[in-house]
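Good morning, colleagues. I should like to take a few minutes to walk through one structure with you. Please have the display in view as I speak.

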Amino acid sequence: MKKQVHPQKTIAIASRIVMPNECNTLNNLMGGNLLSWLDINSAISAHRFCNRIVVTAAVNNVAFDHPIRHGDIVTIESKVSRSFNSSMEVFSDVYVEDHRTGKKLKCNEAIYTFVAVDQIGSPIDVPTLQPETALEKSRYGSALRRRQLSLLLAKKIQPKEASELYDFICNVN
Ligand SMILES: CC(C)(COP(=O)(O)OP(=O)(O)OC[C@H]1O[C@@H](n2cnc3c(N)ncnc32)[C@H](O)[C@@H]1OP(=O)(O)O)[C@@H](O)C(=O)NCCC(=O)NCCS
């Protein structure tokens, strides 16, 4: 039987202050910098889950809902939301602390997929995730649909294999 891991064990939290050389000409953080920080923090979370080398297989979704400004403090909280065979989905919530008002706001969400690999880069099996809270269960439940969408876009499965996606689209009003 596969080892079971609780999401709490996979939490990775990192904060940093936005520096001038990380911003565009409007003094907002460049999206690519946030993507890089998300990649690193999510990888730490995936590593805490499986204790193996992990590689980024896909960036499934990142929404840049609010601009992040020079001087703001960015905090990324990542947690594994589901595992399959060798792959793991990691959810990250991004919070920003306004450097003038101190107000903290959730500004982005991101979903990355990592694969655990051995020393020569071949995929290897990972433990199973045991979600506990309502949010963990909800993200766990919808992860299969996101996996199928990602594999479909990467042309790694055929549309007829994306059963979850088909059910989802048919049930959207
Ligand atoms: C990710 C990688 C290890 C997958 O290897 P592969 O030989 O394609 O292996 P498979 O097709 O068996 O896929 C392995 C797992 O990855 C998952 N996967 C592969 N591509 C995926 C994608 N686009 N989206 C979601 N999952 C994906 C598969 O579903 C499978 O998951 P499972 O084992 O949980 O069922 C390989 O493509 C790789 O090394 N890519 C480069 C990684 C890297 O360097 N990242 C940094 C980029 S700069």
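Let me begin with a term: a residue is counted as near a molecule if its C-beta atom, placed from the backbone, lies within 6 Å of it. Please also keep in mind that this is a predicted model.

With that term in hand, which residues come nearest to the ligand? There are 18 residues around the ligand, and those that come nearest are Phe84, Asn85, Ser86, Ser87 and Ser150. Three elements give two or more residues to this shell, namely strand S3, strand S6 (104-117) and helix H2 (134-153). Of these, S3 gives the most, with four residues. As to the character of the shell around the ligand, nine residues are nonpolar, seven are polar and two are charged.

Phe84 merits a further remark. Phe84 sits in the loop between S4 and S5. Is Phe84 buried or exposed? The answer falls in between: Phe84 has 16 other C-beta atoms within 10 Å, and is therefore classed as partly exposed. Phe84 can also be placed relative to Ala143: the two are 59 residues apart in sequence, and their C-alpha atoms are 9.7 Å apart in space.

I turn now to the sheet. Five strands make up an open sheet, in the order S2-S4-S5-S6-S3, and the pairing is antiparallel. S2 and S3 are the edge strands, each of them pairing on one side only. From one strand to the next, the twist averages 25 degrees.

We can follow the sheet across, starting from S2. Strand S2 (residues 12-17) and S4 run antiparallel and are joined by six bridges. Within this pair, Ile17 is opposite Ile73 of S4. On to the next pair: S4 is joined to strand S5 (residues 87-97) by 10 bridges, again in the antiparallel sense. Here Ile73 is opposite Glu97 of S5. S4 and S5 form a hairpin, with three residues between them.

S4 itself deserves a closer look. How many of the 11 residues of S4 are buried? In strand S4 (residues 73-83) the number is eight, so this strand is largely enclosed by the rest of the structure. As a general reminder, the side chains of a regular strand alternate between the two faces of the sheet.

On the S3 side of the sheet, S3 and S6 pair over 10 bridges, antiparallel. In this pairing Val62 is found opposite Ala110 of S6.

Two helices pack on the sheet. H1 touches S2, S3, S4, S5 and S6, and its direction makes about 45 degrees with that of S4. H2 touches S3, S4, S5 and S6, and the direction of H2 makes about 85 degrees with that of S4.

Finally, I draw your attention to two loop residues. Asn27 is in the loop between S2 and helix H1 (31-50). Its phi is near 70 degrees, a positive value in a residue other than glycine. Asn27 counts as exposed because 12 C-beta neighbours lie inside 10 Å. Asn51 is in the loop between H1 and strand S3 (53-64). The phi of Asn51 is near 55 degrees, a positive value in a residue other than glycine. Asn51 has 12 C-beta neighbours inside 10 Å, and so it counts as exposed.

That concludes my presentation. Thank you for your attention.

Methods. Residues numbered from 1 in each chain as written. Predicted model: local features only at pLDDT ≥ 70, side-chain atom pairs only at ≥ 80, totals over all residues. Buried ≥ 20, exposed ≤ 12 C-beta atoms within 10 Å, placed from the backbone. Pairing = 2+ DSSP bridges. Nonpolar A, V, L, I, M, F, W, Y, C, P; charged D, E, K, R; others polar. Axes fitted to C-alpha atoms, helices over the stretch in contact; angles between N-to-C directions. Contact = placed C-beta atoms within 7 Å.
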